[in-house]
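The exercises below ask you to read a protein model step by step, beginning with its aromatic rings. Try each task yourself before you turn to the solution.

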Amino acid sequence: MSDLLRLATAGSVDDGKSTLVGRLLYDTKSVLADTLDAVHRASADRGLTTPDLSLLVDGLRSEREQGITIDVAYRYFATPRRSFVLADTPGHVQYTRNTVTGASTAQLGVLLVDARKGVVEQTRRHAAVLALLGVPRLVLAVNKIDLVDYDPVVFSRIAKEFTAHALALGFTEDAVVEIPVSALAGDNVVERSARTPWYTGPTLLEHLETVPVEPDPHDAPFRFPVQYVIRPRTAQFPDYRGYAGQVAAGTVRVGDEIVVLPSGLRSRVEGIDTADGPLEEAFAGQSVTLLLADDVDISRGDLIAPADSRPAVVDEFDATVCWLSDKALTPGARVLVKHGTRTVQAIVTELRTRFDEQRLASTAGPDSLNLNEIGQVALRTAEPVPVDDYARSRRTGAFLVIDAADGSTLAAGLVGAPLPELDGVAGDARADNHALVSPGP
């Protein structure tokens with residue numbers, strides 16, 4: 001089991017995400033004393049008798065004033081069993097792009113719903129985004145269960161509806177867990193609540209501590225986008241030439257035969273430098289400088305890969321995109337594609353399908369993709385790009401679509417990434433007994 005879990009929270013506005021994260025930090029004693037004092041003072045200034053735990057997360061002044069989350073807030077905490085990196089993402093529709101950012105590296109998603117409102121449009125949208133990004137596990141936290149008098153019927157109904165939707169999106173039954181919680185009162189967040197005797201599953205923290213997590217696969221094909229070419233040209237290092245970047249996937253070792261893409265030039269790894277000294281091997285996530293045996297023409301944007309396991313180098317490919325701009329996408333649009341450290345001009349040659357995450361249906365050949373819509377497109381790039389299918393590598397199968405005019409992000413894209421196979425009818429049948437609720441007395 002991994003000793004680190006990367007998770008992201010998502011859900012509709014005012015479902016209590018920031019309060020839930022604040023509760024986790026507070027109850028696990030992961031808050032510094034001066035930070036807690038500041039929250040107590042801010043809460044008292046608002047006339048509150050108990051601390052507003054959402055203030056532990058909502059750091060921007062505009063967030064605190066409006067009582068909403070705008071940016072992605074990253075928090076780090078640990079228990080004796082596991083360490084956590086948590087991304088608290090915004091709930092408003094216009095900030096869906098930040099949800100995509102926060103969930104892009106998550107191993108688990110915590111999706112909140114308000115027990116009074118149940119599954120709403122934004123819940124289904126976020127579930128679709130998490131499925132699209134390949135987040136393997138989901139927790140449905142039915143929050144504010146105290147406001148429906150801890151009613152097991154309400155919880156069971158919401159859990160059944162959501163699980164049917166999640167299964168139809170491609171999640172497996174054992175990957176979805178539903179938990180009734182009250183972030184404000186603390187029920188089933190860290191401590192088990194005596195007010196939900198009908199619930200037999202784990203608390204949220206128990207689940208986060210014990211859920212199986214697949215670590216970054218070190219046996220995946222090595223991928224290294226070059227960020228910077230280091231040539232000091234000093235008296236001490238007159239001939240030094242190193243290629244700096246972060247290992248995006250796999251493992252590299254001294255002596256490995258490599259290929260530089262898209263040029264196709266080959267060489268061998270002669271050394272691996274870091275700020276702490278040389279290494280014999282480097283893994284995904286490590287920032288290193290590679291030294292090669294040959295003086296080959298390499299610049300920022302190139303990709304170094306194993307000579308015998310290289311990605312495809314293409315100038316046309318299909319992708320699934322989540323459109324994040326108010327400006328609609330139409331066929332023929334000229335954009336920039338940023339893949340790894342490489343940015344190239346591209347044309348959207350075709351809109352193949354648009355996915356309706358609310359009805360779980362697809363429309364072939366749409367005229368456009370609008371804000372927050374998901375669809376499959378065909379792209380043609382001005383230069384060859386080395387790409388992996390997203391299903392093979394989340395790191396090197398993802399890219400950004402950028403507006404060439406102003407540099408704004410238009411979409412998050414995934415190479416290949418077929419849309420979910422729709423099986424909502426089967427999902428309903430499989431979800432009937434999924435909720436962890438024991439029969440009432």
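**Exercise 1.** Find the cluster that ring pairs form in this predicted model, and work out how the rings of Phe155 and Tyr199 are oriented.

*Solution.* Begin with the members of the cluster, which are Phe155, Trp198 and Tyr199, linked by ring pairs. Next, count the aromatic pairs in the protein, which number six. Among them, take Phe155 and Tyr199: the ring centres lie 6.2 Å apart and the planes stand at 85°, and because planes over 60 degrees apart count as edge-to-face, this pair is edge-to-face. Then place the two residues along the chain, where Phe155 belongs to helix H6 (residues 152-168), while Tyr199 sits in the loop between strand S6 (176-180) and helix H7 (204-210). The two are 44 residues apart, so that the pair links distant parts of the chain. Finally, check the burial of both residues, and you will find that Phe155 and Tyr199 are buried.

**Exercise 2.** Classify the aromatic pair of Phe77 and Phe84, and decide whether these residues are buried or exposed.

*Solution.* The centres of the two rings are 4.7 Å apart, and the angle between their planes is 15°. Since planes under 30 degrees apart count as stacked, the pair of Phe77 and Phe84 is stacked. As for burial, both Phe77 and Phe84 are buried.

**Exercise 3.** Describe which strands close into a barrel and how strand S7 pairs with strand S14.

*Solution.* Recall first that strands of a sheet pair through backbone hydrogen bonds, either parallel or antiparallel. In this protein six strands close into a barrel, in the order S7-S8-S13-S11-S10-S14, with antiparallel pairing. On average, neighbouring strands of this sheet are turned by 45° against each other, if direction is ignored. Strand S7 (residues 224-230) pairs with strand S14 (residues 303-306) over two bridges, again in the antiparallel sense, and Phe224 stands opposite Ile304 in S14.

**Exercise 4.** Determine how much of the protein is buried, and where the pLDDT falls below 50.

*Solution.* Of the 441 residues in the protein, 52% are buried. The mean pLDDT is 85, and 87% of the residues reach 70 or more. Over residues 60-70, however, the pLDDT stays under 50, and the model has 25 contacts beyond four places in sequence for this stretch. Residues 422-441 also have a pLDDT below 50, with 38 contacts in the model beyond near neighbours in sequence.

How values were computed: Residues numbered from 1 in each chain as written. Predicted model: local features only at pLDDT ≥ 70, side-chain atom pairs only at ≥ 80, totals over all residues. Heavy atoms only, no water. pLDDT = per-residue confidence, 0-100. Contact = heavy atoms within 4.5 Å. Buried < 20%, exposed > 50% of the residue type's maximum accessible area, 1.4 Å probe, protein only. Pairing = 2+ DSSP bridges. Helix = DSSP H or I, 4+ residues; strand = E, 2+ residues; numbered from the N terminus. Axes fitted to C-alpha atoms, helices over the stretch in contact; angles between N-to-C directions. Phe/Tyr/Trp six-rings, centres within 6.5 Å; stacked < 30°, edge-to-face > 60°.
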